[in-house]
Amino acid sequence: MKFNRSILNKILPLEDISSDEIYKTLNKIGLEVESFQKLCAPKKVVVGKIIECKKHPDATKLNVCQVAVGGSEENYEMRQIVCGAPNAREGIFVAVALEGAVLPQITIKKAVLREVESCGMLCSTTELGFPAINDGIVELDESIGVLEIGKELLEYSYFNDEIYEISITPNRGDCMSLLGIARDLSVAFGLKRKPLEKPMALENAPGIGRVLQVVTDRKHTSSLMYQAIEIGAIKIPLCVNLFLAYNESLTNNLLLNALNFSTLISGVILNAYPQTFCQLGKGANEDRVTLKLKQDELGFESIYCGEKKLSAIGISSFNEENIQNLKENEKEFIILEASYIPPKIVAQKVLETKTKVDPKVFQRSSRGSNPNLKLGLDVLGDLLLGNDAVLYNDIQELASEQTLPSITIEIPLIAKIIGVPLDKSKVVQLLQALEFQVEILTDENLLVVVPPLFRHDISNYQDIAEEIIRFIGIDEVPSSPLMFVQGNQSSEESRLYHFKRELAKKAIGTGFSESVHFVFQDKEKLLKYGFQTLQEELELLNPITRELNTLRPSLLLGLLQAAKLNRNNGFNSIALVEVGETYDARRNQNTKIAFLQSGFVMEERYPNAKGIKGDYFIFANHIARVIGDFTLRECVSEIALYHPGQCAKIIQNNQEVGILSTLHPQVAEEFGLDETYLCEIEVDKLVHLMPKVKDYSKFQKVVRDLSIVVNKNIPYYKLREVIGNLGIADVVGFYPLDIYHDENLGEEISLTIRFEIQSSEKTLEEKDIASIMDKILESLIENYKVRLR
């Protein structure tokens, strides 16, 4: 949301308040200022008036204008200016850059254009450093102040202005309007807001009941209000066009501009239905328009004219293509509509149906638009009545009673939460200024508070405390020593926290960099790679962005996106770890740790001039240094990130704890990554064992290799289980040393296993060692028909 100080001054008297105070106060009350800009028209740019405008004798697209730039009506100071703007014409007030004026892109000098002298320049808003409002020169009007020929443009506040851009959080839909921002600032500065001008219908103006009937045959949750107006060609004031341009809401359609402006000012969702579409008076029995509120095929409350659907409340407005600009000397009957629907209802319905929405409408309705419908129509009517318009008497309304539940607050409790003593009368005054209903009870410590309908985010006493501290100011809370009473710190939550941090520290010590991401992810991307996402009824109602629209089931996609950024920034060695929460389809929370290794594990530097690239087993070894020893079992996963031939389950303490895999080559190419390896582990399945003390044998350790021929379809972990089940105490370790295969072996491979043999009681003799090796070989022959190589 952007606003300029000049238009805010129409609502709030800020003349004696500096821009620095406004900036700091907006941030203090939670309306974060994303940007601030001071725009000022260049010097030597003055108000002028085109007295005469004739075609250039030697150029079809140029005009020769005689422009008054000073003096009085009987004795103007004139300049001849050649101008190519299509809207240059006699009688309009313009911005004239005189000789010597320094504009953002040009310094004005006297020139000769096609043999005609030009002494200055008629300017557009962009040439003055302001946003574009049309395709030609700016036409000045008295919405910016009384126009005085020869007066410098920078003396008008709208051309010597301050532009604020406010970041609006999803719960503050009320501040997506200028009135909402003015409400908070008025409370913060202790100022009284200026009343808005209300349009007045003529005494002899026709009643709306003659031309419009609004009906429904069912109970409804939305509220609607209608007015009717007859209007000729619409002219939008310059100050309005500038405000719309700042907010990128300016269109070529003047009626749409009026609707957009009124919504930005009031926060009310507004709509318009022209007579040309409603077909008023086309038949003998059609002397008035009948609009009906009913549900469409998806269950959305919608407005119909006959069988034609005009709009869906809170979802879409009337089709812009059907709203045409009116021509000069023509009048048209237009129905004006203001609507409100509770944000939770419309957000839930859109989530359930996955229907397409008009983002401009839905953003307001789902975050909470202004339910004061008459206010929106007043702002719109006041703007349109300046265009030779006739406003019909009365309104048509379909109301739905909406109230928020009351909240009982204890003043001492709120004071304790905030950290400062609170005066009850000041709390009441503050909440009432914010348009809360406050009931004062006989108990001097209690208040019953009902939030205004536009503050649907207020639901408990903690929210009330937050509202109060916004205006007291966190800086006004005095510092005090922290009173800490030692309690029992040994809980399941604290143990899990310390275990997660211990894993992260081990990973960092192994060479991984810790990464942190939002718990939200892009649902479309998750489905693309085969992840299971939340069930539809459990999806987020109001995601913070379109790309972060669901809870993540995995940490891996976030790590891949981070790796892509690192790779694009020129890093060839990327090792990332993240410990965080994930969610299954039922929103059950699970803590996981994920690893990613891409490119080099050791960069190109002496003594490794070519660097050392990572591989599957180097990556697995790094994971083992973090979580402890484990074994791998080959598997096939439905997740498209995993390489189908290099994917394995991680087995620790006889249970599956995670997956370790090479990134699928197609996905690696998509992310622009070199050979990449992934691992994701469920932290809850890892066993946090205390270190155990073992006897240290003083006798010599012996190494023996056993080379066998075994069927290649028998995985190594099965051989390991057979050897482990023998329970030979003197076998202190064993591991695969070498694998060999050639055509002569057919469906078999040659496997060499190295054994470490050591006794804690004596030095083993050769016969003892031979007995152990024979026992192992016999068991392997018996279970898997192996043979010595």
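In this predicted model, Lys38 sits across from Glu162 of strand 11. The two belong to a longer run of pairing: strand 2 and strand 11 (residues 160–167) are antiparallel and are joined by eight bridges. Both strands are part of an open sheet of three strands, ordered 1-11-2 and paired in the antiparallel sense. Strand 1 (2–4) and strand 2 (32–40) are its edges, each pairing on one side only. From one strand to the next, the twist averages 20°. Helix 4 (residues 238–246) packs on this sheet and touches strand 1, strand 2 and strand 11, with its direction at about 145° to that of strand 1.

Next comes a helix pair. Helix 7 (residues 343–353) and helix 8 (residues 359–367) pack with their axes 6 Å apart and at an angle of about 125°. Angles that are not under 35 degrees, over 145 or from 65 to 115 count as oblique, so helix 7 is oblique to helix 8. On the helix 7 side, the contact is made by Pro343, Val346, Ala347 and Val350, and on the helix 8 side by Phe362, Ser365, Ser366 and Arg367. Sorted by class, that contact has five nonpolar residues, two polar ones and one charged one.

Further along the chain, strand 23 (residues 446–450) has a partner in each of two other strands. With strand 21 (residues 407–410) it pairs in the antiparallel sense over four bridges, and Leu447 is the bridge partner of Ile409. Strand 22 (residues 437–440) also runs antiparallel to strand 23, again with four bridges, and here Ile440 stands opposite Leu447. Strand 22 and strand 23 make a hairpin, with five residues between them. Four of the five residues of strand 23 are buried, so this strand is largely enclosed by the rest of the structure.

Helix 10 (residues 411–418) also packs against strand 23. Its buried residues are Ile411, Ile414, Ala415 and Ile418. They span an arc of only 100° around the axis, which puts them on the same side of helix 10. The spacing fits the general rule: an α-helix has 3.6 residues a turn, so residues three or four places apart point the same way. What do the buried residues of helix 10 pack against? Their contacts are strand 21, helix 11 (424–433), strand 23 and helix 12 (461–472). Just after helix 10 comes Gly419, with a positive phi of about 105°.

Key: Residues numbered from 1 in each chain as written. Predicted model: local features only at pLDDT ≥ 70, side-chain atom pairs only at ≥ 80, totals over all residues. Heavy atoms only, no water. Buried < 20%, exposed > 50% of the residue type's maximum accessible area, 1.4 Å probe, protein only. Pairing = 2+ DSSP bridges. Arc of directions from axis to C-beta. Contact = heavy atoms within 4.5 Å. Axes fitted to C-alpha atoms, helices over the stretch in contact; angles between N-to-C directions. Nonpolar A, V, L, I, M, F, W, Y, C, P; charged D, E, K, R; others polar.
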